[in-house]
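Here is a set of short exercises to work through with the structure open beside you. Try each task yourself before you read its solution.

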Amino acid sequence: MSCMSVLTRDEAQLRAQFLDVHQYTVELDLTTGDETFDSRTAIRFTARSDGDTFVELKPAELHSVTLDGQPLDPESLSEDRLPLKNLTAGRHELRVHAAMRYSRTGEGMHRFTDPSDGETYVYTQMFMDDVQRVFAAFDQPDLKSVFDVSVKAPEGWTVLANGVTEHRGDGIWQAAPTPLISTYLVAVAAGPWHSVRTEHRGLPFGIHCRRSLAPHLDTDADEILDVTRACFDRYHEKFEEPYPFDSYDQAFVPEFNAGAMENPGLVTFRDDFVYRSAVTDTERQTRAMVIAHEMAHMWFGDLVTLKWWDDIWLNESFAEYMGYQTTAEATRFTDPWTEFGVTRKAWGYDADQRPTTHPVAPENVDDTASALLNFDGISYAKGASALRQLAAWLGEKDFLAGINTHFKRHKFGNATLADFIDSLASATDRDVHAWADSWLRTTGIDTLTPTIAPADGTCTLTAEHAGSRPHRLSVGLYDHDVADEGRLVLRERLDLDVPQTAPQPIGKRPALILLNDGDITYTKIRFDTTSSETVRTGLSGLPDPLTRAVVWNALRDAVRDGELPPAAYLEAARAHLPRETDLAVAQGVLAFAAGQLTEQYLAPKDRPAALATLTSLCRDLLRRTEDGDHPGLRLIAVRHLIGVAAHPETIAAWLADGTVPGGPELDPELRWRILARLAVLGATDEAAIAAELSRDPSATGQEGAARCRAALPDPEAKRAAWEAMFTGDDLSNYLFTATAQGFWQPEQEELVREYVPRFYQDAVALAARRGPAIAVAAGRWCFPAHAVDTENLRLGEDCLRDTELTPALRRTLADRLDDLSRALRVRGEENAE
């Protein structure tokens with residue numbers, strides 16, 4: 001077998017002009033062993049003229065190929081392509097029989113054996129170009145087809161697919177033929193699933209997980225199904241096209257690389273969403289949002305699909321926007337935009353300030369490898385922010401009218417950005433094309449800064465605009481509460497269009513002027529001097545969580561831009577977070593403070609004081625939540641106190657007692673979290689890790705043990721972890737990540753110093769050997785981010801000059817090195833540029 005190839009846009013366009021693909025008949029046999037499965041495919045297609053083309057396939061062994069009944073040479077397979085030469089115009093049938101490898105990395109047909117009970121599960125993740133790991137295909141999104149799938153499975157298994165499945169006997173499961181869908185959306189999930197089934201609006205609905213998680217799924221089944229039904233009904237109020245498939249299954253699957261995947265009729269989720277330990281209401285809200293996000297894809301992505309991967313934002317930005325908006329409208333979680341502002345938007349802001357930034361709608365996605373790199377904070381969070389701004393600018397009525405026109409024009413087909421903009425333009429007199437050029441074809445973030453000027457005894461406001469995009473936003477004017485100086489009250493919220501045509505009168509000078517109050521546009525904001533002082537003393541007195549989120553984001557941006565000392569951010573957190581009531585805000589601020597800020601932006605000599613500050617802050621939150629009225633806030637405080645503990649005594653006592661004084665009792669997640677921190681501090685050993693694994697032998701227990709073992713401050717433990725990651729290839733994607741998360745620790749800088757240069761050479765070889773999913777995991781989790789020094793930066797920049805780097809590793813490393821360079825600048829290192 002030769003090396004893999006990637007499909008270029010030019011090749012895809014030529015093949016789409018040459019072929020019509022009518023139907024795939026796919027027969028999979030999952031009873032042939034632990035390493036491979038049997039795959040038989042018949043593809044019926046029409047060539048529009050005489051000529052040559054190719055079909056993609058990544059087999060373990062190619063048994064046979066026939067074209068119109070005549071055998072083709074299996075040896076002609078090269079670089080995952082099987083050439084089809086001298087086709088004549090007209091109808092053809094290609095038959096391919098191959099053995100295909102199961103995946104351990106979440107790509108293609110992933111196979112997982114549950115350590116809790118020994119049961120095995122398989123599921124597909126076909127996204128981008130991984131259908132070739134399961135069956136032969138003309139693998140591009142604009143060659144839609146009908147898929148007729150059958151699966152032979154072991155006794156006792158259930159098979160799920162895009163359509164309703166029926167057991168025909170002898171282990172054979174037949175799925176109903178699909179409507180026209182793209183190759184990357186075909187899905188199968190097989191195993192001894194635990195299922196909860198119901199019906200809604202005449203359609204079968206189901207939720208599924210592995211058997212060992214059954215009690216936890218059953219506990220939350222009502223909530224999951226209530227959210228599913230509510231979102232389904234809300235989308236039918238928004239969209240004129242009815243749900244286009246015959247059923248709606250949601251399978252929570254093990255070791256899934258993404259949050260979820262929008263396979264029509266069979267959405268797959270990472271089974272971390274089946275909570276086996278305590279979670280906050282914000283985490284439940286996130287699960288609801290992901291359900292809403294994936295359901296939005298049934299229309300935008302599945303019914304109407306991008307023509308080529310340069311328009312991936314059309315899928316993800318739309319689903320991200322609709323996911324948050326519909327969660328807010330249809331479920332008990334009424335304020336998900338606060339979490340979006342704190343978490344998702346920060347992801348977009350960070351990505352958009354790196355050298356690897358790209359437009360929301362890029363024009364230079366030449367091949368599938370390049371396209372895979374764009375699944376980032378720009379395609380999701382920035383694109384969703386742009387659509388939220390567009391909806392505010394057009395008005396919700398015209399926005400939805402344009403969307404429905406788009407569905408009507410392109411249902412069961414493919415569409416481009418130009419098609420989308422034309423559909424929106426049909427519903428409004430506004431210049432949507434100009435809006436798209438300024439918002440979707442540009443990169444970077446605008447910055448808005450208020451300027452206040454006296455005018456006839458009052459004041460006027462001008463939003464100084466560094467950037468090029470038009471913005472429609474709100475400005476919050478806040479005064480001190482005369483009855484309570486600790487509180488701020490909203491005097492007025494003004495609508496503002498930027499660029500302005502004239503200064504905006506605002507009356508008497510307010511204590512705080514907050515641009516983008518309500519967070520409906522995508523921009524960095526700054527404060528004038530008076531507002532900065534009000535924020536310093538009164539941030540927690542702002543009445544609305546989303547308003548506080550906008551302020552905390554501004555402070556975070558200022559730290560990252562070197563305009564606010566990290567210590568000042570910590571002081572703000574110490575002063576204001578003990579009074580915070582919103583879980584998303586509390587979690588977001590603590591995560592930034594304990595993560596990027598403490599581990600990278602502060603010099604090592606300042607880290608102990610920062611950890612002490614955060615410990616004190618978490619103890620304040622624990623004291624405040626002793627009455628039991630704020631369990632989510634208490635859980636956040638407990639998790640972070642464990643993470644920043646500089647001394648083992650307190651958390652070791654919690655572990656020994658099995659509880660935090662005053663609660664909560666320690667569930668498996670908290671026990672592993674404590675043991676991992678004790679490992680970092682050198683306060684536990686292999687015997688204790690093994691004992692905990694015996695207590696919790698689940699898949700997450702295995703990951704917890706791997707994380708703890710890699711975190712032990714012992715040269716032999718570090719050597720074993722490194723070899724497991726970079727020498728052996730038998731770690732699954734999740735066990736690889738867990739090992740990497742334990743390996744690097746700021747407290748162990750001397751112990752792991754020798755591994756910093758080794759990372760770059762070993763990661764290059766690993767990425768080439770194990771593929772994109774492990775390459776991304778290595779770049780994200782194995783990168784020595786704790787080593788904030790110019791030597792690490794130099795080693796990384798030298799590595800980027802390696803022409804053999806895989807695209808996935810190159811992009812991930814470039815991002816991590818830019819983060820490292822930023823940390824050096826924040827620290828004031830002279831050689832950071």
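**Exercise 1. The surroundings of a tyrosine**

Leaving aside its neighbours within four places in sequence, which residues is Tyr324 in contact with?

Solution. Keep in mind that this is a predicted model.

- Step 1: Begin by locating the residue: Tyr324 sits in helix H4, which spans residues 312-330.
- Step 2: Set aside the neighbours within four places in sequence; Tyr324 is then in contact with Met289, Pro336, Trp337, Glu339, Phe340 and Arg344.
- Step 3: Check how covered the residue is. The relative accessible area of Tyr324 is 1%, and buried means under 20%, so Tyr324 counts as buried.
- Step 4: Look further away too. Gln13 is 311 residues from Tyr324 in sequence, and their C-alpha atoms are 34 Å apart in space.

**Exercise 2. Reading an eight-stranded sheet**

Find the open sheet of 8 strands and work out the order of its strands.

Solution.

- Step 1: Going across the sheet, the order is E5-E4-E7-E2-E1-E10-E13-E12, and the pairing is mixed.
- Step 2: Strand E5 (70-72) and strand E12 (165-169) are the edge strands, since each pairs on one side only.
- Step 3: On average, neighbouring strands of this sheet are turned by 20° against each other, direction ignored.
- Step 4: Now zoom in on one pair. Strand E1 (residues 19-29) runs antiparallel to strand E2 (residues 36-47), and 10 bridges link them. Glu27 stands opposite Arg40 in E2.
- Step 5: Add the helix: H1 (residues 9-18) lies across E1 and E2 and runs at about 100° to E1.

A reminder for this kind of exercise: strands of a sheet pair through backbone hydrogen bonds, either parallel or antiparallel.

**Exercise 3. A smaller set of strands and its helix**

Which helix packs on the open sheet with the order E25-E24-E27?

Solution.

- Step 1: This open sheet has 3 strands, and its pairing is antiparallel.
- Step 2: Its edge strands are E25 (484-498) and E27 (512-515), each pairing on one side only.
- Step 3: E24 (residues 471-481) pairs with E27 over 4 bridges. One place to look is Gly476, whose bridge partner in E27 is Leu514.
- Step 4: Helix H11 (residues 529-538) packs on the sheet and touches E24, E25 and E27, with a direction about 95° from that of E27.

**Exercise 4. A hairpin**

How many residues lie between E8 and E9 in their hairpin?

Solution.

- Step 1: Strands E8 (residues 108-113) and E9 (residues 120-125) pair in the antiparallel sense over 6 bridges.
- Step 2: There are 6 residues between E8 and E9, and Gly118 in the turn has a positive phi of about 80°.
- Step 3: Follow one bridge: Arg111 has Val122 in E9 as its partner.
- Step 4: Finally, consider burial. In E8, 5 of the 6 residues are buried, which leaves this strand mostly covered.

**Exercise 5. Inside a pocket**

Which helix gives the most residues to the lining of the second largest pocket?

Solution.

- Step 1: The second largest pocket has a volume of about 420 Å³.
- Step 2: It is lined by 24 residues, and the closest to its centre are Arg607, Pro608, Leu611, Ala646 and Glu747.
- Step 3: Helices H14 (583-601), H15 (607-624) and H17 (649-657) each supply at least two lining residues. H15 gives the most, with 6 residues.
- Step 4: Sorted by class, the lining has 12 nonpolar, 5 polar and 7 charged residues.

**Exercise 6. Backbone exceptions**

Where are the cis peptide bonds before Pro499 and Pro664, and are Glu79 and Glu255 buried or partly exposed?

Solution.

- Step 1: Recall the background: most residues other than glycine have a negative phi, and most peptide bonds are trans.
- Step 2: Val498 and Pro499 are joined by a cis peptide bond with omega about 5°; Pro499 is in the loop between E25 and E26.
- Step 3: Another cis bond, also with omega about 5°, joins Gly663 and Pro664, and Pro664 lies in the loop between H17 and H18.
- Step 4: Glu79 has a positive phi near 50° and is partly exposed, with a relative accessible area of 33%.
- Step 5: Glu255 has a positive phi near 55° but is buried, with a relative accessible area of 9%.

Conventions:
Residues are numbered from 1 along each chain as its sequence is written. This is a predicted model: local features need pLDDT of at least 70, side-chain atom pairs count only at pLDDT 80 or more; totals for chains, interfaces and linings use all residues. Side-chain values use heavy atoms; hydrogens and water are left out. Two strands pair if DSSP finds at least two bridges between them. Contact means heavy atoms within 4.5 Å. Axes are lines fitted to C-alpha atoms, for helices over the stretch in contact, and angles run from 0 to 180 degrees between N-to-C directions. On a 1 Å grid over the protein atoms alone, a cavity is a set of points where a 1.4 Å probe fits but cannot get out, and a pocket is an open set with protein on both sides within 12 Å along at least five of seven lines; lining residues have an atom within 4 Å of a point. Grid points are joined across faces, edges and corners, and a volume is the space filled by probe spheres set on the points. Ala, Val, Leu, Ile, Met, Phe, Trp, Tyr, Cys and Pro count as nonpolar, Asp, Glu, Lys and Arg as charged, and the others, Gly among them, as polar. Buried means under 20% relative accessible area, exposed over 50%, partly exposed in between (1.4 Å probe, protein chains only).
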